[in-house]
Amino acid sequence: MESSSDTTTATTITSSPPSSWSVSPSSSSPPNSPPSPQVAVVVSPCAACKILRRRCAEKCVLAPYFPPNDPIKFTTAHRVFGASNIIKFLQELPEFQRADAVSSMVYEANARLRDPVYGCAGAICQLQKQVNELQVQLAQAQAEVVNMQCEQANFMTLFCMEMTQSPQASPPQQSLDNFTYIPQYGSSQNNMSILDENNVGSIWETLWT
């Protein structure tokens with residue numbers, strides 16, 4: 001009898017956990033939840049490192065200015081200046097001036113490839129010549145505008161002078177009676193009667209003869 005009571009008390013102790021035990025919140029989640037997928041970030045090397053066939057470091061000086069989708073940009077600059085010179089130029093400049101320096105080097109390299117003798121100096125001379133020609137054309141147009149304005153001003157002064165002098169020098173109006181002849185009433189009938197009498201007299205003279 002004593003052994004049976006001991007076993008029942010042991011089962012009751014083991015079945016009821018103590019109040020100090022804490023239940024983790026992860027136990028409430030389902031046991032078979034899938035793990036979150038990890039996205040693999042693939043960093044492509046810059047165009048400079050890809051052309052030079054070297055590993056593109058995390059802090060590559062050329063990466064911000066020669067993206068991988070524009071390899072011609074670095075190829076042009078590399079053919080004229082060389083990769084080591086480009087890196088040296090960029091390292092000597094502050095970061096806010098490096099983008100302008102890269103654009104200048106690419107422009108000069110393209111000009112040198114188009115014109116190996118003069119390079120960008122030839123392009124600058126041509127642009128300066130065009131500027132001078134346009135300045136001459138602009139000066140001619142401005143001179144023509146000034147002449148037209150002077151002619152218009154002179155015409156307006158002459159017109160105003162004629163308008164002020166016209167009431168004083170206007171001749172008196174002539175009556176239309178001096179130019180047109182208005183016959184008196186009945187004069188036409190008198191003339192016709194005179195012509196008829198002359199004609200009748202001449203007819204009688206011919207008959208008697």
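1. Contact here means heavy atoms within 4.5 Å. By that measure, the buried residues of H3 pack against H2, H4 and H5. The model is predicted.

2. Which residues of H3 are buried? They are Phe74, Thr76 and Ala77. Around the axis they cover an arc of only 160°, which puts them on the same side of H3. Ile72 and Arg79 are exposed on the other side of H3. After H3 comes glycine 82, with a positive phi near 90°.

3. Threonine 76 deserves its own point. This residue lies in helix H3. Is threonine 76 buried or exposed? Buried means under 20% relative accessible area. Threonine 76 has 9%, so this residue is buried.

4. What does threonine 76 touch, leaving out residues up to four places away in sequence? Its contacts are Val106, Ala109, Asn110 and Leu113. Take asparagine 110: along the chain, 34 residues separate this residue from threonine 76. Their C-alpha atoms are 6.7 Å apart.

5. Next, helix H4, residues 83-92. Its buried residues are Ala83, Ile86, Ile87 and Leu90. Seen down the axis of H4, they fall within an arc of 95°, so they line one face of the helix. An α-helix has 3.6 residues a turn, so residues three or four places apart point the same way. On the other side of H4, Ser84 and Glu92 are exposed.

6. What covers the buried residues of H4? The cover includes helix H2 (47-52), helix H3 (71-80) and helix H5 (95-114). From the side of H3, the buried residues pack against H4, and also against H2 and H5.

7. Now the annotated stretch. An unreviewed UniProt entry carries the annotation "coiled-coil region" for residues 124-151. In the model, residues 124-151 are 100% helix and 0% strand. The end C-alpha atoms of this span lie 41 Å apart.

8. Helix H6 runs over residues 120-165 and includes phenylalanine 159. Buried, exposed or partly exposed: where does phenylalanine 159 fall? Its relative accessible area is 40%. The partly exposed class lies between under 20% and over 50%, so phenylalanine 159 is partly exposed.

9. Which residues join phenylalanine 159 in a nonpolar patch on the surface? They are Phe155, Met156 and Met163. Together with Phe159, they have about 430 Å² of accessible area.

Definitions and conventions: Residues are numbered from 1 along each chain as its sequence is written. This is a predicted model: local features need pLDDT of at least 70, side-chain atom pairs count only at pLDDT 80 or more; totals for chains, interfaces and linings use all residues. Side-chain values use heavy atoms; hydrogens and water are left out. Patches are made of residues with over 30% relative accessible area and no salt bridge: like charges are joined within 9 Å, nonpolar side chains (Val, Leu, Ile, Met, Phe, Trp, Tyr) within 5 Å. Accessible areas come from the Shrake-Rupley method with a 1.4 Å probe; for residues, only the protein chains shown count as cover. A salt bridge is a side-chain nitrogen of Lys or Arg within 4 Å of a carboxyl oxygen of Asp or Glu. Helices (H or I, at least four residues) and strands (E, at least two) are DSSP runs, numbered from the N terminus. Buried means under 20% relative accessible area, exposed over 50%, partly exposed in between (1.4 Å probe, protein chains only). UniProt positions are given in the numbering used here, feature names are shortened, and annotations may be inferred rather than shown by experiment. The arc is that of the directions from the helix axis to the C-beta atoms.
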